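Work through the exercises below with the model open. Try each task before reading its solution.

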Amino acid sequence: MASVSSEPRRTGRLSDRVREKHAAVHALIQDGFSLRAIGRRRGLARNTVRRLAGAKDPDELLVGRWTGRTSILDPCKPYLHQRLAEGHTIARRLFEEIRQRGYPGRGLGPYRAGGCRARIRSDAHAVSVC
């Protein structure tokens, strides 16, 4: 079973973005804006503003069901990062390579149907479908 940690994520784009939004919402609350007005001004959904406003500390928002959870992909990540740094961005080829190295996963899911090719952007490590 995967291990779960109750420690909040300290670094990364997600945690930075959450901390920034939390600070902005609390600053606007201090200035007397309503939650609805904050949502309009910041382009956030009402429930997102409510959640940000209700948290005393942004770390409360960064601890959740998936925090610290391990993945079957974890042993392959160093290899994948190396291949991405070398400029190899075709997801299907990378999948075949890690499968040959012992990755037990089942594939690319919805990306393998219909002749669709998935590419991985090495700068953001995100999958895009063309």
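**Exercise 1. Lay out the fold.**
Count the helices and strands, then give their order.

Solution. Start with the count: the protein chain has five helices and two strands. These are DSSP runs, H or I of at least four residues for helices and E of at least two for strands, numbered from the N terminus. Next, read the order from the N terminus: α-α-α-α-α-β-β.

Conventions come next. The model is predicted, with local features needing pLDDT of at least 70 and side-chain atom pairs counting only at pLDDT 80 or more, while totals for chains, interfaces and linings use all residues. Residues are numbered from 1 along each chain as its sequence is written, and side-chain values use heavy atoms, leaving out hydrogens and water.

**Exercise 2. Judge the confidence.**
Find where pLDDT (the predictor's confidence in each residue, from 0 to 100) is highest and lowest.

Solution. Take the chain first: its mean pLDDT is 78, and 68% of residues reach 70 or more. Then go by element. Helix α2 (residues 35-42) is highest at 96, and strand β2 (residues 126-129) is lowest at a mean of 42. Now check the stretches. Residues 110-118 fall below 50. Residues 121-130 stay under 50 as well. Where pLDDT is low, the predicted coordinates should not be read in detail.

**Exercise 3. Examine α2.**
Name the buried residues (under 20% relative accessible area, 1.4 Å probe, protein chains only) of α2 and what covers them.

Solution. Ala37, Ile38 and Gly39 are buried in α2. Their cover includes α1 (13-30) and α3 (46-54). Finally, look past the helix: Gly43 follows α2 with a positive phi, near 70°.

Notes: Contact = heavy atoms within 4.5 Å. Buried < 20%, exposed > 50% of the residue type's maximum accessible area, 1.4 Å probe, protein only.
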